[in-house]
Amino acid sequence: MSEEQITNKFIDILRGYVKDPALLEKATQKTHILKDLKVNSARLVDIIIKCEDVFGTTIDDEEADRIATIGDAVTLIQQKAA
Amino acid sequence: MPPVGNDVVDLAAPGNRGKSADGRFRGRVFTVDEQALISGATQPDTMLWALWAAKEAAFKAVSRGDPAVCSIPRQYRVFLETEDTSGTNARLAGKVSTPRGDLALRVVLTADWVHALAAESEEAIGRLRQRVSPREGTGSGADASAFAREILLGEIARFLGCDGGDLSVVKEPGGPGAPRVMFRGCLLEVEVSLSHDGRFAAFAFDPSTPLPAECAG
């Protein structure tokens with residue numbers, strides 16, 4: 001799966017948790033999930049669980065702790081798929 | 001400045017209701033002992049969010065001085081020591097063991113929300129000025145943040161006896177939730193914490209730090 005495909009899938013996941021869709025329209029790899037998209041910490045846990053299902057992988061605590069931006073999540077998923 | 005953290009959870013907010021039935025969320029966030037507390041509670045959802053708020057409040061407190069501290073929920077272990085159900089709202093007290101040491105904890109539980117406070121000691125929690133306030137509307141996240149700042153600044157203005165217009169909140173670039181208060185253009189040496197979720201916003205600040213002389217008058 002290409003970086004673009006992973007990014008698009010991840011943004012699709014985020015749509016279920018971001019209250020203001022306009023924030024996602026201008027999202028980039030550097031977009032901070034909590035600060036820029038106003039996702040709360042509990043929902044970030046839900047997003048990580050959803051990623052495990054959608055991408056068929058497992059994300060441990062230390063890996064999840066390193067996810068701050070969209071790019072962080074995409075890179076991690078890409079690495080785990082390699 | 002001594003660490004202060006607070007966290008409010010709206011028990012009726014979308015995504016919060018029924019969360020105690022979400023085994024994967026429970027497993028990722030809570031220790032075995034905490035999961036036992038949730039399972040044994042008469043209101044499992046309320047206990048789940050009380051424990052969550054405790055972890056969040058503690059994380060906010062320690063991340064202020066150490067923005068790189070880990071945020072793994074299970075590394076913030078909650079130990080409840082007392083429970084007071086004699087008043088209108090139930091109150092829990094205890095401690096949170098964090099990667100940077102223990103913090104004292106107090107949690108208030110109501111039918112609508114739970115609110116946790118974390119600080120370096122029970123005495124420090126006791127001197128905090130703090131409040132949970134219902135929001136009038138159900139606007140965007142940005143509106144909720146503005147409301148939380150508004151109620152914080154209103155309380156600080158009352159405390160200082162100054163005009164609310166003399167105060168503003170700025171965000172430090174590091175760390176999640178690291179608000180600082182400006183007073184007439186000077187950084188006010190007061191530890192503050194803001195929180196909002198769904199229909200509620202909350203704040204806490206430690207009034208023990210004196211106003212710097214250069215800002216007074």
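Visitor: In S11(B), which residue is the bridge partner of B:Ser195?
Guide: In this predicted model, strand S10 (residues 192–197) of chain B pairs with S11(B) in the antiparallel sense over six bridges. One of the residues of S10(B) is B:Ser195, and its bridge partner in S11(B) is B:Ala202.

Visitor: In S11(B), which residue is the bridge partner of B:Val132?
Guide: Strand S6 (residues 129–134) of chain B runs antiparallel to S11(B), and six bridges join the two strands. For B:Val132, the bridge partner in S11(B) is B:Ala202.

Visitor: How many residues of strand S11 (residues 200–205) of chain B are buried?
Guide: B:Phe200, B:Ala202 and B:Ala204 point one way from S11(B), while B:Ala201, B:Phe203 and B:Phe205 point the other way, and the residues on both sides are buried. The strand is accordingly described as mostly covered, and the number of its residues that are buried is six of six.

Visitor: In the hairpin of S10(B) and S11(B), which residue takes a positive phi?
Guide: The two strands pair in the antiparallel sense, and the hairpin has two residues between them. The residue there that takes a positive phi, near 55°, is B:Gly198.

Visitor: Within what arc do the buried residues of H1(A) fall, seen down its axis?
Guide: In helix H1 of chain A, the residues A:Ile6, A:Phe10 and A:Leu14 are buried. These buried residues line one face of the helix, because seen down the axis of H1(A) they fall within an arc of 80°.

Visitor: Which residues are exposed on the other side of H1(A)?
Guide: Helices H2 (21–25), H3 (41–55) and H5 (70–81) of chain A are among what covers the buried residues of H1(A). On the other side of H1(A), the exposed residues are A:Glu4, A:Gln5, A:Asn8, A:Asp12 and A:Arg15.

Conventions
Residues are numbered from 1 along each chain as its sequence is written. Chains are lettered from A and ligands numbered from 1 in the order in which they are written. This is a predicted model: local features need pLDDT of at least 70, side-chain atom pairs count only at pLDDT 80 or more; totals for chains, interfaces and linings use all residues. A residue is buried if 20 or more other C-beta atoms lie within 10 Å of its own, exposed if 12 or fewer, and partly exposed in between; C-beta atoms are placed from the backbone. Helices (H or I, at least four residues) and strands (E, at least two) are DSSP runs, numbered from the N terminus. Two strands pair if DSSP finds at least two bridges between them. The arc is that of the directions from the helix axis to the C-beta atoms. Two residues are in contact if their C-beta atoms, placed from the backbone, lie within 7 Å.
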